[in-house]
Amino acid sequence: MSAEARLSPRFGEFGGRYVPETLVGAHEELEEAYDAARGDPAFQDELDHLLKHYVGRPTPLYEAAQLTRECGGARIWIKREDLAHTGAHKINNAIGQALLAKRLGKPRIIAETGAGQHGVATATVCAMLGLECAVYMGSEDIRRQSLNVFRMKMLGATVVPVESGSRTLKDAINEAMRDWVTNVRTTHYLIGSAIGPHPFPTIVRDFQSVIGREARQQMLEQAGRLPDVAIACVGGGSNAIGLFHPFVDDPVRLIGVEAAGEGVGTGRHSATLVAGRPGVLHGTRTYLLQDANGQILETHSISAGLDYPGVGPEHSWLKTSERAEYVAVDDQQALEGFKALTRAEGIIPALEPSHAIYHALKVARTLGPGQDLLIGLSGRGDKDMHTVAAALGVTL
Amino acid sequence: MFERCRAEGRTAFMPYVTAGYPGASETVPLLLALEAGGADAIELGVPFSDPMADGATIQHANYVAVEQGVSLADCLGFVREARARGLEAPVILMGYYNPILAYGEERAPRDAAAAGADGFIVVDLPPEEAGSFLAACRGADMSFVPLVAPTTTGARVEKLAAAADAFLYCVSVLGTTGQRSELPPELPEFIARVREHTNLPLAVGFGVSTREHVEAVGRIADAAVIGSAIIAAIDAADEAHRAQRVRELVESVTGH
């Protein structure tokens, strides 16, 4: 039996399935269904068809010539997930899991969302596949992402405001879990990042690995070589694990960029891998931002999509096994990354990947010509215009 | 405790209260009031910032306690003090895994036993993940109480029973903790199904809130748990009368 023939519940010491007893059966059922689906050519064909004709894959690999000139170092390549349908990588996973839900015979989908990108992707797929959809979203995030809230409603989803805790992504996950415990027999919880109990981190990583598989092939075709460095932002970490995973066995430096918010020293940040320590939250053993008593801390980032006190367990494993490095970039630096890509290349990134862009430009300068650097551009910036304007002191 | 209740021909009554709610100084008097009202055992909630299996009432109690910085160490302090003031009922610490991990999962059962607690219910720690904590509980003579849900298969009940030593906690409904007007109609069938696979005493909680509920649970199981209704009684009284009000609620439910 090959290592791939069975789903492993752990990534080193991380991962696992720390769930209330009510949900144990649903996770076992999902694991079996996914294991069967990934070996079923009919499932793969349907997924591939939708990724091509509905999502618009493969997304381009773009050589950022102007940014490269400005940095004067490595050639910079951008994997354009912002050009996927709905404007972010989230759709890759939403389609895959929605097809799984149909296989499970579950007519109702629930999801959590931070920035709203995963909520929009889920609502979109549910509209297309005729599934009922409820999206849990912290009321603080509803306030800062009103455009995405309206998009979800137009797509037929119910957006449920979450008023508990810090009213952001982690609380939306708690509330989605409470819904799932109540409606588990009819409902699939479509988790949006590579987090949560086994088998979610594996499922989400597999559906997002299309990013890295395409990018790897495109690098070979367009650059004639693999990148020396691959960089992506990390909140829960689904776009990063999707980009990194196909390069794990290659001599490619992998760098994840977390949100330092107002600064890691201020306590107002979301830099889980940089500043946290291992624990168990939302069903998985992973790095967490927590106090000495094991209470989860409130987080901050200018980008709602990175505002999460945990991280996917596979990233914790990549960190402790030293296969990947993790750094943190603060709100102001992310805005600089945002402006740099917008001005130099005419591509307006979301605030989440703006963190990765800032760090990538720094790394590119340290690399020589003849080296190649790959950035995962996880989403486009339309949703963030109000936030960016406010940060720049502009009233729209 | 279960033998004694059985011998007396009655259902064991196990109320729940969140430690540190509404204030740290009130927990010990509330524990004593629960026993005075007729509690046979007490579930003491260890506060957690993200109580994902709890409904609004107990969520709120958790947040208030966490805001005041009430930790697992504080919970053990409450038990120690309550024992010193004469509490005799077994105390089961109920909560989530991360505060136990942060405290140290080797140390937690040992220190809990020393403080006078009797067991742990950890909502997000199924036996498959409980290896080291279960061993630490056994080593410290602390009970590990698994939960059983309506979605639990018969084969799995046997697996859960194998990890248990004192009793199984049956979650009456699909859903979170909280008061409901009726017990679920499928409850007798669910409990009967669990009974087919184990001889351990069975406690039933989630959605149990009135004397009628407790009596109905008593016809099919060994113990009834009330949580949110206790918190609601605390909320309805002013500070000077909370312990008395909670005692009266327990008396009315147990028929003392």
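Helix α9 of chain A, residues 200-222, holds up to a quick length check in this predicted model. Counting 1.5 Å a residue, its 23 residues should span 33 Å, and the C-alpha atoms at its two ends are indeed 33 Å apart, so the expected and the computed span agree. That said, α9(A) has a kink of about 35°, centred on Q208(A). Just past the end of α9(A) comes G224(A), whose phi is positive, at about 75°.

So much for the helix by itself; next comes the sheet it sits on. Six strands of chain A make up an open sheet, lined up as β3-β4-β14-β9-β10-β13, with mixed pairing. The edges go to β3 (61-63) and β13 (324-330) of chain A; each has a single partner strand, so one side of each is left without a neighbour in the sheet. On average, neighbouring strands here are turned by 25° against each other, direction ignored.

Within the sheet, β9 (residues 229-233) and β14 (residues 372-377) of chain A run parallel and pair over three bridges. In this pair, V229(A) sits opposite L373(A) of β14(A).

Two helices can be placed against these strands. Helix α9 of chain A lies across β3, β4 (75-80) and β14 of chain A, and runs at about 140° to β4(A). Helix α13 (residues 331-345) of chain A also packs on the sheet, where it touches β3, β4, β10 (253-261), β13 and β14 of chain A. The direction of α13(A) makes about 95° with that of β13(A).

How values were computed
Residues numbered from 1 in each chain as written. Chains lettered and ligands numbered in written order. Predicted model: local features only at pLDDT ≥ 70, side-chain atom pairs only at ≥ 80, totals over all residues. Heavy atoms only, no water. Pairing = 2+ DSSP bridges. Helix = DSSP H or I, 4+ residues; strand = E, 2+ residues; numbered from the N terminus. Axes fitted to C-alpha atoms, helices over the stretch in contact; angles between N-to-C directions. Contact = heavy atoms within 4.5 Å. Expected span 1.5 Å × (residues − 1). Bend = angle between axes of the 7 residues up to and from the residue.
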